[in-house]
Structures are given as structure tokens and as C-alpha cells.
Amino acid sequence: MNSTTPETVGLDPVVLRDQLFMLWSQKDLQTLHLAALQGFSKLSEPLEALLTILEGCPGRQKGRSHTLGHHVLFEFQTWMKELPQVTLSSLSEQQALALQRRALNLLIDTQASFVDGLINIYQLNSLDPAILVLYIMNLMSLCCYKEAAVLSVKLKLQKDLNMEEMCVPLILQNKLPLAESFVTGHNHLEQQLVTLLDSWCHAYFSVDEIRRRYPRLSLTKQCMSQIQPKLLAKHVFRLVEKFNIDQGLCPNALHKRRLDSLRFLMYKTFVEKGMTEEIWCDHVQYVVADDLELRISLVELLVRYSDIQKAAQWALRYNIPRNRLPCGVWETQQDLPPDLQHIGGSAQTEDWIPSQSHCQKFYQVPLTKDKVHFVDSPEALQRCRNIVLKEGGVVGVDMEWQPTFGCISTQRVALIQLAALDQVFLLDLCVAGFCQHPGTVSFIRSLFSDRSIIKLGYGMSGDIKCLLATWQQLLEEPLKMEGVLDLLKIHPKIQRQKINRTQNGPKEVLVGEGSSEKGLSLLVQQVLKKPLDKTEQMSNWEKRPLRISQIRYAVADACCLLEVYSVLSSNPDQFGIPSDLRSIMSSQSEKRGDKKKKEEKSCDKEECQGAQRVSPPRSDTEKGLLCGEKPSEDAPPLPPQHLRVVCDNMLQGLGRYLRCLGVDVIMLENTDDHRVAAKLAQAEGRFILTCGQPYQTLRSQVGEGRCLSLDCAEKARDQAARVLRHFNVQLKPCDIFSRCQKQNINIVYRHTHK
């Protein structure tokens, strides 16, 4: 048998199809492979015969890769590689067009390999775009929007189609990622999609109006629940960053984000009492900017959270029209004496040494003010270099930036604090010309790349992220990181030592059990006996001049790193850490270089923080976490039935996934206020799983460690893996689908967990 050229007298394709079907039914794939290759060689018109076979293949299932049609197409492509003369160009133009039209009718199958195979064999990209567009529009008229979107991307037809007609039905069907792929790479379409989603964030938007435009579209309750301003605004800002689009194109989402930020500031200041009024005042002005509606909302919120006099002062400051003022504010304005008609006033003078009560309560900077140097010029930077870049030195590094409350995605560093020996240098990156001066960037590169200098920090990943946003050069030519010791990686070891001492005897080393402190402040309290004063943490770091209290805070954050390092180094056994802290630094580097090596679980969890944030993984694979993972050292193994959680409405996908694994989960509805989670947690002893801004509010309403924040950008499976690892939940096969997905009832509880 000649297997390299087709026979002149061809085999009937129907006969070949029936022969292949019989072998397929018998699951004899090896014989099917040989029969297909031999049969294709006997066909007089292989390209036409292939379509006849595919059109008549029984059991065609859309999107399935294990049907006879897929196997036939795969075998044909294998056969074609040995026969370059079997191409569409060997046929007449009329014959080729006829075959291409027939191939188009098979493209409703959205399995990638099947579609790509037909496009390549029949050169469908060469067809007249008008014919292809007509075919895509026909699919859309049949409500096959997914298939239409996939094909339009593969055939590169996006610019010939209407973005809204294609993407709106996809979004309504909860297929936004497909809509994203449709517009990706086409700047004008990307902007149109962002503008469309932003228009849906308007306060008066009605999804019912959109729904009426597509009466034949079958939409589930779950799909419709995704069309709400909060989720849409999140998607808008994600796409703005992804597509590098000007935020000016999404005024509605920006307004919503700023309004949510304004509400957060109100709650933080007037309910939690966690922010000074001076700091609050700075942030409020940044958030409302020149938006009249936000200014009016500010006055309305002040009436609710504070008092009518303060509302009247701000209404007067922003010259709010009388007809937009809440009841009583106008009258209060008229009665304000001249000295109360202006907000703020002269700044109070501050002393470098704080009050006695402050000194007794908080960690104090062991330096006089003359040891603190502002660096805002090349000359001052040179003096800084001479001290900080000394070989074998130890430098405490910290950074501050302006809180934006989600109004912009990337935050730039405003101040870098470097503590070395008995001096602290404050690099002021807000000074015009100094930030982008070549010498400044060169100094940062020299500092972080010098292996002989130990750079101390705490949670430095956030600092580095903002550093990269500040200097684009560090992205173009990556910043080398050598000799960096992140104390966040050591803190969990100290925490385990604390647990051991609690169980086995005296606790003279670690204090503050049940403390509200978290992060670096908790570490300083445990090692140096007093916490940090974090009042200025959320202050406006771009406003100049900085207040004395801000400078004191910035200096303390860098100085305390040196003191903590000194104490830990002098008595490592007492804290349960290695005698040479440099070994931790080097082992961290080795782990980053070997992704296959199993990582220490506690290093990824900021369990040392009262906040109990669950940090993202350092590995791409989380497979072992779902069943049979080695138990964590920090908590006893826990069966999923014993873990009781309440999922915020932004984590419903996670909630459904955890229920599948047998975890007792209550999920908030989209219309529920976030505070409902706190009430359920308090009433039923549940842990709260949340993400984003609500975390700040929820964690203050429940006990220490009862609220966890996850990354919204992750898939539900990855989030679930993180939760299971955090609580050391040990799954068994019998746990899977042991709980009712609708009623959260444990269907069959087997006493298999001992």
C-alpha cells in the first residue's frame, strides 16, 4: 500500500467513516490510527472527503475532545504532514471556496484543537472577512455568543464586529474573561469595554433594561447577581490596570470607589476612633477632590457620624448649594461665629520628645533630633552614601507612601527611611528633581545589591512593589536584591517559641498575649517590651512639611529594626531562632531559587499579626494542599466538619468550593451588609473569610485571629487551598461532597477523623 500519495480511484469517504466508527465503538484506537492513515491515502479528494466524514460522524458533542470527529481530524493532520501537496491551493478557487464554506459550518464546536485544525487545514483566515463576519453574526443571532467570541478571536475579526453586541451578552452570562479576550490587543475595544462596564456602575443603572434587549438569552440568578456596582467597579479598576487605560474614562467606578473610601474614613475616625482628625482631614480632601457629589456626601455623612456643626463647617468650606444641604445645616452655618467658619487653623507646635504617658506606653526613638537627616539633594545624598554604604554595615529600611484607599492601583514611595549606626536618613522623594535624579536611583541599586550590607525590613514585598512603581528603571533593568533580611520571616519562629513557652512554663520573653498589636508593632512589643505608636501610619506622606509626629513615627519604624535585630542576635536561643540570622537570609534565597522544594508553611502566613492575613503562595502548585498534605506545625489537624466559617459576599465562589470539601460554610448574599458577617461570627463562633476594604472593619468586631483576608484576584480553588493550609484541615476522600450545597447540612457524617 502506497501511503504517500492519494489513489486515483478514491475510497468512498462514507465507507471509511463507518469503518472508523466501528473501531471507535470497540475502543480500538491503535487499529483506528492505522486504518485512518491507510484510508486517507485511498481518498481521491482528501479535503472534501474529510468534511464528509466529519459532517456524518455520529455522536458529535460540542466542546468535547474525545469524540470520533476529533480523533479523525487529529489523524488527518498527522497524515497531512507527510503530504505537503494536499493543500487547498491545489484546488480551483471555486472548489476551495465551497470547501471553506462547509468547514465554517463545523466551527460551532468550541474545542480549541478542533477549531484550530479546521482553520489551518482549510485556510479559513484567507476567506473574505465579509463572509466570516456574516457567519459570526449568524451565530450571535442563534445566541451562540461564546462560540462567536472564540471564533472571532481565532479569525481576528474583532475590529469588524460591534464590541457591545458581542460583549454585553457574554457579561450577562458571567463570561467576562471571554469578553476580555475578545478586546485584548485592540486599544479602542479595550477602552470601549471599560467604558461600558463603568456606565453600569452609575447609581441609576438598571440591569433590567439591558436584559430586555436580549429576551432569548437564558440568564441564571447567579449570573445576574454578578451585575452589581461593587463587583463591576472592581472589574473596571482591574481592567484599567491591565490595559493601561486612563482612569478618566471610568468616572462612575471612580466615584463609587471614592464614596466607599469616604465611608471607611468616617467609620475609622468617628466609630473606631482609630485616626486623628488632622489625618482624617487630609485624606477627606484627597478623596472628595473637586467632585461636588462627593462633597455633598461628605456633609451628609458628617451629620450622621459626627455633628451638625462640623457638617456646616465643611459645607461652608466647599460652598455647597443651599438646596443640596441636609436639614438644619444651612441654619447652623448662619450661626457659626467667625472663628469656627474655617476648618483647621494654625498648626500646633510639637516637641521631639513626646509626653510622659506616650513614653511609658510606646517604643521611643533612642536618638536626638539632630541625628535625623533629611536627604533631598545630591549633596545630602552623598553624605548619606558615605555612612549607609559602609561595608559590613546593618541598615534598617522602611518606606512610607500616601494611602489612596483604592482610588489608584499603584502607590509611589514618598519617603525612604534608612537607619544606620546612630543616625537616620530620610530620603524625601516628593522633592522635585531629587526622586528621578540619576544619583538617587543609583544609590538605591547600590544599597540593595551590596551583599556585605544587611538590609533589615518587615514585610518588604510591599515596599519593593511601591519602589518599582516609583522608578520605572527598576522594571526595565531589574533591581538586584542581596543581603536582605525580612524580619517577617523570622517572626513566625518567635511565635512558635511563644506557644511552646505558654504550654511548657514561664512566658518571660514574650508579652502582650491577646494584644491588639500586629505586624512589626507586635514584634517590637514581644522583643523590646513596648509596641510602636501606629497613629501616623495612614497619614498623608506627600504633604509637606511633615509634622514632628510623622517624622518621629518614620524614624521609629526604621530604628526599631536595628534594636530588634541586636536583641535577637545577642540571645537567639531565648527566641527559638538560629544563632546566625544570616543563615535565615541565605536559606530564603535558596528557597526562592528552587520552586519544587516544599516550602515552610508558617513563612507564608502572617500569623504573627493579629490581623491574620493569609498571604499568597510562593509556589505555583498547591495540589497537595487539598488532600493528604503534611500537617502544619502550628495547629493540630482539623477535620473539615469542625471548621465553621462565614464567607463575605465577595467570596461566594470560595464558599461553594469549601462546602464541596465538607466545611461548614455560611455565605452572605450580595445584598447583605458586610457587618452581617461579624454578627454571625459572634453568634455562632465562626471565622470570617473576607477580602479588600471590609477586612479593616470586620477584624475590629471579632476576636483576635477570627478574621482572615484573602486575595480576591485568586481563583476559588487557590483561596480554598490557602484556607485549608491555614487551619491545617486534613481531608479524606469521604469528606468530598459530604455536605449539601444548598442547605449546608452534613449529609453523611462518618466518624473517620480521630
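In which sense do E2 and strand E3 pair, and over how many bridges? Strand E2 covers residues 394-401 and strand E3 covers residues 413-420. The two pair in the antiparallel sense, over 7 bridges. Please keep in mind as we go that this is a predicted model.

Let's stay with E2 for a moment and look at who faces whom. Toward E3, Val-395 stands opposite Ala-420, while Glu-400 has Leu-415 across from it. E2 also pairs with strand E5 (residues 454-457), this time in the parallel sense and over 3 bridges. Val-395 takes part here too: its bridge partner in E5 is Lys-455. Val-395 is thus a handy residue to click on, since it has Ala-420 opposite it in E3 and Lys-455 as its bridge partner in E5. As for solvent, E2 is mostly covered, with 6 of its 8 residues buried.

Now let's step back to the sheet that holds these strands. It is an open sheet of 6 strands, and reading across it gives the order E1-E4-E3-E2-E5-E6, with mixed pairing. Strand E1 (372-375) and strand E6 (484-486) stand at the edges; each has a single partner strand, so one side of each is left without a neighbour in the sheet. If you look along the sheet, neighbouring strands are turned by 25° against each other on average, ignoring direction.

Two helices can be placed against these strands. Helix H22 (residues 438-449) lies across E2, E3, strand E4 (423-428), E5 and E6. The direction of H22 is at about 45° to E3. Helix H27 (residues 548-570) lies across E1, E2, E3, E4, E5 and E6, and runs at about 150° to E2.

From here, let's turn to charged side chains. Side chains of opposite charge can pair when their charged atoms come close. Searching the whole structure gives 23 salt bridges, and a few of them make good stops on our tour.

One of them joins Asp-18 and Arg-17, with 3.2 Å between the closest N and O atoms. Are these two partners buried or partly exposed? Asp-18 counts as partly exposed because its relative accessibility is 43%, whereas Arg-17, at 19%, counts as buried. The cut-off for buried is under 20%, so Arg-17 with its 19% falls on the buried side.

Further along the chain, Arg-644 and Glu-684 meet through their side chains in a salt bridge of 3.9 Å, N to O. This pair links distant parts of the chain, 40 residues apart: Arg-644 belongs to strand E7 (residues 644-647) and Glu-684 to helix H31 (residues 675-684). Both ends count as partly exposed, since Arg-644 has a relative accessibility of 31% and Glu-684 one of 30%.

Another salt bridge connects Asp-664 with Arg-686, where the closest N and O atoms are 3.2 Å apart. Again distant parts of the chain are linked: Asp-664 is in strand E8 (residues 664-667), and Arg-686, 22 residues away, is in the loop between H31 and strand E9 (687-690). Asp-664 and Arg-686 are both buried. Through salt bridges that share partners, Arg-644, Asp-664, Glu-684 and Arg-686 are joined into one network.

Terms used:
Residues are numbered from 1 along each chain as its sequence is written. This is a predicted model: local features need pLDDT of at least 70, side-chain atom pairs count only at pLDDT 80 or more; totals for chains, interfaces and linings use all residues. Side-chain values use heavy atoms; hydrogens and water are left out. Buried means under 20% relative accessible area, exposed over 50%, partly exposed in between (1.4 Å probe, protein chains only). Helices (H or I, at least four residues) and strands (E, at least two) are DSSP runs, numbered from the N terminus. Two strands pair if DSSP finds at least two bridges between them. A salt bridge is a side-chain nitrogen of Lys or Arg within 4 Å of a carboxyl oxygen of Asp or Glu. Axes are lines fitted to C-alpha atoms, for helices over the stretch in contact, and angles run from 0 to 180 degrees between N-to-C directions. Contact means heavy atoms within 4.5 Å.
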